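Reader: Hey, I've got a structure open and I'm a bit lost. Can you walk me through it?
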Amino acid sequence: MLRLIPDHLWTDAGHGLQWVFFHNEVDSPAGIVERHNCPALSAEEAVRGGMVLFDTPYARGHYQQSTLWEVLSVEPLSINESIMCLGCGLHGFITNNMWEPIE
Ligand SMILES: [Zn+2]
């Protein structure tokens, strides 16, 4: 389903990474989906991207097994902690909409 998000809705964060907000019935936004050209994933998996859930009361009640990210700012987007791809090891922060890699 996520692959149906049109390209123009994704924010280009630089360094080959893009993200887009997603919403649920309570939180708007509820998190982001990020995608990057991941050598560890098939093309279809990479297009689908990875979910980053924001730390909200709803998320704490419904996604207790998941990591939740603190939202420092929605517009522009800044979140804490860092994001790491378990496939290829890509690691960094999203700050002011942009990807800041951790070397
Ligand atoms: Zn990756």
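Author: Sure, let's begin with one contact: a polar atom in the side chain of Thr56 lies 3.0 Å from the backbone nitrogen of Ala59. That's a polar contact, a pair of N or O atoms within 3.5 Å where, within protein, one must be able to donate a hydrogen and the other to accept it, and residues adjacent in sequence count only if both atoms are side-chain atoms. By the way, this is a predicted model: local features need pLDDT of at least 70, side-chain atom pairs count only at pLDDT 80 or more, and totals for chains, interfaces and linings use all residues. Residues are numbered from 1 along each chain as its sequence is written, and side-chain values use heavy atoms, with hydrogens and water left out.

Reader: Where is Thr56 found?
Author: In the loop between β4 (50–54) and α2 (57–62). Strands (E, at least two residues) and helices (H or I, at least four) are DSSP runs, numbered from the N terminus.

Reader: And is Thr56 buried or exposed?
Author: Buried, because its relative accessibility is 12% (buried is under 20%, exposed over 50%, partly exposed in between, with a 1.4 Å probe and protein chains only).

Reader: New topic: which residues coordinate the zinc ion?
Author: His36 (NE2), Cys38 (SG), Cys85 (SG) and Cys88 (SG), at 2.2 to 2.3 Å. Donors are N, O and S atoms within 2.8 Å of the metal (3.2 Å for Na, K and Ca); water is not among the atoms, so sites may look incomplete.

Reader: How are the donor residues spaced in sequence?
Author: The pattern is H-x1-C-x46-C-x2-C.

Reader: Is Cys85 buried or exposed?
Author: Cys85 is buried at 12% relative accessible area, whereas Cys88 is partly exposed at 32%.
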